[in-house]
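Here are a few friendly notes to read alongside the model. Keep the viewer open and follow the points in order.

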Amino acid sequence: MSLLSLVAILIVVGVLLWLVNTYIPMDPKIKNILNAVVVIGVVVWLLQVFGLLGSLNNIRVG
């Protein structure tokens, strides 16, 4: 994945999160949870892209 596409994806995710936070009326607690989930998801994805996390295919829940 090139650096340009990585930056483009981060910009798209940021704009979508901003649009949701700005234009969709939600309880502030729900917005905080949504923001935390998106940020954690992006951080995990970035760690996978750079090879620092390894593969998550071997993780089983339940």
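**Notes on a predicted model**

1. Let us start with Val15. Its relative accessibility is 41%, so Val15 counts as partly exposed. Please bear in mind that the coordinates come from a predicted model. Val15 sits in helix H1, which covers residues 3-23.

2. Val15 also belongs to a nonpolar patch on the surface, with an area of about 980 Å². Its other members include Leu3, Val7, Ile11, Val12 and Leu16. Trp18, Leu19, Tyr23 and Ile24 are also among the residues that make this patch. A residue needs over 30% relative accessible area to join a patch, so the 41% of Val15 meets that part of the rule.

3. Two patch members deserve a look for their rings. How many aromatic pairs does the count come to? The count comes to one. This pair is formed by Trp18 and Tyr23, with an edge-to-face arrangement. Their ring centres are 6.0 Å apart and their planes are at 80°. Edge-to-face is the label because the angle between the planes is over 60 degrees.

4. The accessibility of these two residues is worth noting as well. Trp18 has a relative accessible area of 49%, so this residue is partly exposed. Tyr23 has 57% and is therefore exposed. The cut-off for exposed is over 50%, which is why the two residues carry their separate labels.

5. Now to Leu10, another residue of helix H1. At 33% relative accessibility, Leu10 is partly exposed. Which residues does Leu10 touch, leaving out those up to four places away in sequence? They are Val42, Trp45 and Leu46. For Val42, the C-alpha to C-alpha distance from Leu10 is 8.1 Å, although the two are 32 residues apart in sequence.

6. Leu46 gives the view from the other helix, as this residue lies in H2, residues 28-49. Beyond residues up to four places away in sequence, Leu46 touches Leu6 as well as Leu10. Leu6 and Leu46 are 40 residues apart along the sequence, with their C-alpha atoms 8.8 Å apart.

7. Ala8, also in helix H1, offers another distance to check. Its relative accessibility is 36%, so Ala8 counts as partly exposed. From Ala8 to Val44, 36 residues away along the chain, the C-alpha separation is 17 Å.

8. What about the length of H2: what span does this helix reach with its 22 residues? From first C-alpha to last, H2 reaches 31 Å. That is close to the 32 Å expected at 1.5 Å a residue. Just after H2, Gly51 adopts a positive phi of about 80°, so you may like to inspect the backbone there.

9. Finally, have a look at Leu47, a residue of helix H2. With 32% relative accessibility, Leu47 is partly exposed. Setting aside neighbours within four places in sequence, Leu47 is in contact with Leu52 and Leu53. Asn32, by comparison, is 15 residues from Leu47 in sequence and 22 Å from Leu47 in space, C-alpha to C-alpha.

How values were computed:
Residues are numbered from 1 along each chain as its sequence is written. This is a predicted model: local features need pLDDT of at least 70, side-chain atom pairs count only at pLDDT 80 or more; totals for chains, interfaces and linings use all residues. Side-chain values use heavy atoms; hydrogens and water are left out. Patches are made of residues with over 30% relative accessible area and no salt bridge: like charges are joined within 9 Å, nonpolar side chains (Val, Leu, Ile, Met, Phe, Trp, Tyr) within 5 Å. Accessible areas come from the Shrake-Rupley method with a 1.4 Å probe; for residues, only the protein chains shown count as cover. A salt bridge is a side-chain nitrogen of Lys or Arg within 4 Å of a carboxyl oxygen of Asp or Glu. Helices (H or I, at least four residues) and strands (E, at least two) are DSSP runs, numbered from the N terminus. Buried means under 20% relative accessible area, exposed over 50%, partly exposed in between (1.4 Å probe, protein chains only). Contact means heavy atoms within 4.5 Å. The expected span of a helix is 1.5 Å times one less than its number of residues. Rings of Phe, Tyr and Trp (its six-membered ring) pair if their centres lie within 6.5 Å; planes under 30 degrees apart count as stacked, over 60 as edge-to-face and the rest as tilted.
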